[in-house]
Amino acid sequence: MPTTNQVLADWVKEVAAHTEADQVYWCDGSEAENQKFNQMLLDDGTFKQLNQETHPDCYLHLSDTEDVARVEHLTFICTEQEADAGPNNHWMAPADAKAKMDDLFKGCMKGRTLYVIPYCMGPIDSPISRCGVEITDSAYVVQNMRLMTRMGKGALARIEREGGFVKGLHSTGELDPNRRFIMHFPEELSIMSYGSGYGGNALLGKKCHALRIASYQARQEGWLAEHMLILGIKNPQGEQSYVAAAFPSACGKTNLAMLIPPEGYVKDGWEISTIGDDICWMRPGEDGRLWAINPEAGFFGVAPGTSEGTNPNALAMLYKNTIFTNVAETEDGQPWWEGLDDRTPKTDWKGNPFDGSGPAAHPNSRFTVSASRCPSYSEQAEAAQGVPIDAIVFGGRRASLVPLVTEARDWAHGVLMGATVASETTAAATGEVGIVRRDPMAMKPFCGYHFGDYWGHWLSFSDKATQLPKVFTVNWFRKDEQGNFMWPGFGDNMRVLEWIIARCKNKVSSSESAIGGLPEVKDLNLNDLSMDEDILNDLLAVDRKGWHAEMDSVSEYLKSFGDRVPSSLFEQVETVKDKL
Ligand code: GTP
Ligand code: SPV
Ligand code: MN
């Protein structure tokens, strides 16, 4: 399947020569090809077949034990000017980065096949979508990209029609953490990744293209590329609304995106539909609203904690055509992870007999599955124009201080809320877990340029769109003194979504506070929820002293990004302080 696009043809030829690949294979995206690749991965031991009666066409992949998460310390933004990458990124000069990567890639595909994956991020016919080509020597990466993107013939045809594409070069190399780098060249729209086969490091359409490169492009072109889920809410009157929500990695996007409302809500006729669970590209439409697409075609979701009780829609997807990475296995060959049910697995994520010490599935073990398998997947996810966003929600894991939900006074206050969200770190990236760090717009690991410029870009939308969404902050993760979650979360998050939508439609008022609008308890639907009113009052209270300290820390944080930080953010901080 060679191509009429000369730039692409030349690049593939050049890479094949440099990496000394044995063969070059162009992926067409067909079902026959899918089956051929699965068989190949079974034959070479990369895949293990799971119980085909309970889980037809499901496979287990156990990765190298040192290659289980994103590696933020080895991820670089390589702009000509260091200042353009900003203090939020690791930076390397493009020439130095290329020399380093050229060395690593030299001869690295000897004896291996080079796979060419043309892919499209977003519906093939959407003007908001963008294409890329990933070159990889990993058939496991091919199979994941097949589920996560629109790949093959259709994407190649669009590339040939349009000309431009993002170049992504990947090799699993030796999986040596000391020879592992994820390099981004936003000014050239290219990516080089070596030494890891893990999701965000290796499936280059996802975080590398759709967030780091796309955020850079989006700023130049007047749109937004964000780490957000997109969901639809239909009320019993049949009115449809859409919410985009940014939470850091492993903080609940997949769960919220496919939430099943509490029974009473379902009876009344509320419906939640899923557009996307991780990435959102949005731009102002002619009507002045922000219109969004999910650039992905699948879910690469966190397995632990997924159960019939927490996320039945996710669980329902995982019985067919799913790749499981680093989960445990039961005696009869079914995938298993902590939180799934009370069975005891036979082998752990390293393939060893499970002895009860430590988790059986890796805390960042994942499933890869086509979005079309999700019972709540919306047909609007395929709409070329996208969906109009009514509310933008920011959140994180905060054991204390941050209320269940707060509404921003206006767009600029909303940008401050997003820019200063903090969250406890999770197993989605290597490093210590549970440390509170600021994670602006959940983009700390994913923004392809200086955060000061990024916040300025966000603020500029008040001139770009006349009907901006309302902005909110949520926190599902408050804990009591015994360390228990105070809010039931999961399906019950619907109660907060209902209030958010009611605010967007001006159907309820909010109670004004220094940090933003809060719900009055009477306006939250708490039917069938046995919740102590004291706890709810705690969840909605503003701890003045705590917030004073928080705002001081916020000021210090913003200052650490230097003079590129828009002054209006500091004005917003002063407003909150005055009100406190
Ligand atoms: P990435 O794919 O890494 O971007 O993660 P994500 O934001 O999609 O997170 P996900 O929905 O997979 O949730 C991660 C973990 O948080 C899982 O173990 C969930 O069970 C847990 N979780 C999700 N929602 C809630 C909630 O409302 N309350 C509590 N307590 N835990 C939650
Ligand atoms: C995340 O870490 O935010 C993920 C998984 O969604 S990864 O693809 O590894 O980025
Ligand atoms: Mn994510």
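**Exercise 1. Which residue in strand 7 is the bridge partner of Ile-117?**

Before you start, note that this is a predicted model in which local features need pLDDT of at least 70, side-chain atom pairs count only at pLDDT 80 or more, and totals for chains, interfaces and linings use all residues. Residues are numbered from 1 along each chain as its sequence is written, chains are lettered from A and ligands numbered from 1 in the order in which they are written, and side-chain values use heavy atoms, with hydrogens and water left out.

*Solution.*
- Step 1: Find the strands, which are DSSP runs of E with at least two residues, just as helices are runs of H or I with at least four, numbered from the N terminus. Strand 6 covers residues 113–121, and strand 7 covers residues 130–136.
- Step 2: Check the pairing; two strands pair if DSSP finds at least two bridges between them. Strands 6 and 7 run antiparallel and are joined by seven bridges.
- Step 3: Read off the partner: Ile-117 is matched with Glu-134 in strand 7.

**Exercise 2. Describe the other partner strand, strand 9, and the surroundings of strand 7.**

*Solution.*
- Step 1: Strand 9 (residues 166–171) runs parallel to strand 7, with four bridges between them. Here Gly-132 sits opposite Val-166.
- Step 2: Look at the side directions. From strand 7, Arg-130, Gly-132, Glu-134 and Thr-136 point one way, while Cys-131, Val-133 and Ile-135 point the other way.
- Step 3: Test for burial, where buried means under 20% relative accessible area, exposed over 50%, and partly exposed in between (1.4 Å probe, protein chains only). Seven of the seven residues of strand 7 are buried, so the strand is largely enclosed by the rest of the structure.

**Exercise 3. Find the edge strands of two open sheets.**

*Solution.*
- Step 1: Recall the general idea: strands of a sheet pair through backbone hydrogen bonds, either parallel or antiparallel.
- Step 2: One open sheet has five strands in the order 2-3-19-22-18, with mixed pairing. Its edges are strand 2 (48–49) and strand 18 (298–302); each has a single partner strand, so one side of each is left without a neighbour in the sheet.
- Step 3: Follow strand 18 inward. It pairs with strand 22 (residues 366–370) in the antiparallel sense over five bridges, and Gly-298 has Ser-370 as its bridge partner there.
- Step 4: Another open sheet has four strands in the order 12-16-17-23, with antiparallel pairing. Strand 12 (224–226) and strand 23 (387–388) are its edge strands, each pairing on one side only.
- Step 5: Strand 23 joins strand 17 (residues 290–293) by two bridges in the antiparallel sense, with Ala-292 opposite Val-387.

**Exercise 4. Is Gln-572 buried or exposed, and which residues does it contact?**

*Solution.*
- Step 1: Locate Gln-572 in helix 18 (residues 567–579).
- Step 2: Its relative accessible area is 12%, so Gln-572 is buried.
- Step 3: Count contact as heavy atoms within 4.5 Å. Apart from neighbours within four places in sequence, Gln-572 touches Asp-410, Ala-412, His-413 and Leu-416.

**Exercise 5. Summarise the protein chain as a whole.**

*Solution.*
- Step 1: The chain holds 18 helices and 30 strands.
- Step 2: Its C-alpha trace spans about 65 × 55 × 45 Å along the principal axes.
- Step 3: Of the 580 residues, 61% count as buried.
- Step 4: Among contacts with a separation of 6 or more, 73% come from residues 24 or more positions apart.
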